[in-house]
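Student: Hey, can we go through this structure together? I'd like to start with the inside.
Tutor: Sure, here it is.

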Amino acid sequence: MDLLGQIVARAKSNKQRIVLPEATEERTLRAADKVLADDVADIILIGNPDEINKLAAEWGLTSIGKATIINPETSPKAEEYAEKLAELRKSKGMTIEEARKLVKNPLYFGCMIIKTEGADGQISGALSTTGDTLRPALQIIKCAPGITCVSGGLLLISKEKQYGEDGVLVVGDVAVTPMPDAAQLSQIAVCTAQTAKSVAGFAEPRVAMLSFSTKGSAKHEVCDKVIEATRLAKELDPTLKIDGELQADAALVPSVGAKKAPGSDIAGKANVLVFPNLEVGNIGYKMVQRLGDAIAIGPILQGIARPVNDLSRGCSVDDIYYMVAITACQAMDAKK
């Protein structure tokens, strides 16, 4: 079974409740129908039930009846959610009137369902911007304990099976934090390793903190940041298998790792790569994707207390389907 098949199988084994707030968007509704037909997750659709059911009938979607459909405009929970939101944002000056308006927004309403333990995760972005997806998540669900920075992990699947775990690597950050400091970079390392466990199914993430230097071969403040981030990551998670700073070839190729970083438990064996900044990460994964014919899955948002994931506005039905399964796997892990 390929990696995506394994992710779907894990999602099916312990069904989670996933909110889709963009419920009248065609690709989203078609993906929801497929998820429900395949019994991958329980789906909560946010919107007008009459409109959603009309669209489902028009598009020949036969499994939408299995979804829970909630209309924020008429929900008996709306006032409870508004009061809870106003309390959460009181220090920022939010009034109950402002909160009542916000909870009618499906993205906010969905996050309130998660906050009150009525759902396990949320996915949007087929219509919404990344900012619109992240804002309610950070205001309501907030970051996981010990984490202050959200990042984007990515699954890279290469035909070169000798790298990572049978050709699979998990990398970060490729989507969110442009220039992380050492503390943020350490959090990105811990969160990307967690994604490797919960989503890619790695039994033992081995994290390489990447740089243009290996073990002091170059001297520069950006290398110092990576070295400090490695130290802080070990403090944040003492069980984490991590080393840095390492060049990419030293991280991935056993013979190079042995020469450049003798004695390292990670060099030449890394299956998780942490980039020193977003610029490097985004450029690097897209070059591997295009020039190396690798498959890139994600970004997968990391660091939020309960999973909230962002889609590209150019996403396909299959992209949403698999992101539901990914979010479900993250949700299972978040409950541990």
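**The nonpolar core**

Tutor: This is a predicted model. Its largest nonpolar core has 63 residues, and Leu 29, Ile 43, Leu 45, Ile 64, Leu 155, Val 207 and Met 209 touch the most other members.

Student: Which helix gives the most to this core?
Tutor: Helix α13, residues 317-334, with nine residues.

Student: And where does the core lie?
Tutor: Between domain 1 (3-142 + 306-335) and domain 2 (151-295), because both give residues to it.

Student: Is there a second core, and how many residues does it have?
Tutor: A separate one has 25 residues. Leu 85, Ala 86, Val 103 and Ile 114 are included.

Student: Back to Leu 45. What is it in contact with, leaving aside neighbours within four places in sequence?
Tutor: Its contacts include Leu 20, Leu 29, Ile 52, Ile 64 and Ile 70. Thr 68 is also one of them.

Student: New topic. Where is Thr 192?
Tutor: In helix α8, which covers residues 182-198.

Student: Buried or exposed?
Tutor: Thr 192 is buried, because its relative accessible area is 0%, and buried means under 20%.

Student: What does its side chain reach?
Tutor: The side chain of Thr 192 reaches the backbone oxygen of Ile 188, at 2.6 Å. Beyond four places in sequence, Thr 192 contacts Val 170, Val 171, Gly 172, Val 272 and Gln 302.

Student: Last one. What does UniProt place at residues 4-328?
Tutor: The unreviewed entry lists the domain "Phosphate acetyl/butaryl transferase" there. Over residues 4-328 the chain is 44% helix and 16% strand. The end C-alpha atoms are 13 Å apart.

Technical notes. Residues are numbered from 1 along each chain as its sequence is written. This is a predicted model: local features need pLDDT of at least 70, side-chain atom pairs count only at pLDDT 80 or more; totals for chains, interfaces and linings use all residues. Side-chain values use heavy atoms; hydrogens and water are left out. UniProt positions are given in the numbering used here, feature names are shortened, and annotations may be inferred rather than shown by experiment. Helices (H or I, at least four residues) and strands (E, at least two) are DSSP runs, numbered from the N terminus. Buried means under 20% relative accessible area, exposed over 50%, partly exposed in between (1.4 Å probe, protein chains only). A polar contact is a pair of N or O atoms within 3.5 Å; within protein, one must be able to donate a hydrogen and the other to accept it, and residues adjacent in sequence count only if both atoms are side-chain atoms. Contact means heavy atoms within 4.5 Å. A nonpolar core is a set of buried Ala, Val, Leu, Ile, Met, Phe, Trp, Tyr and Cys residues joined through side-chain atoms within 4.5 Å. Domain bounds come from an automatic or database domain assignment.
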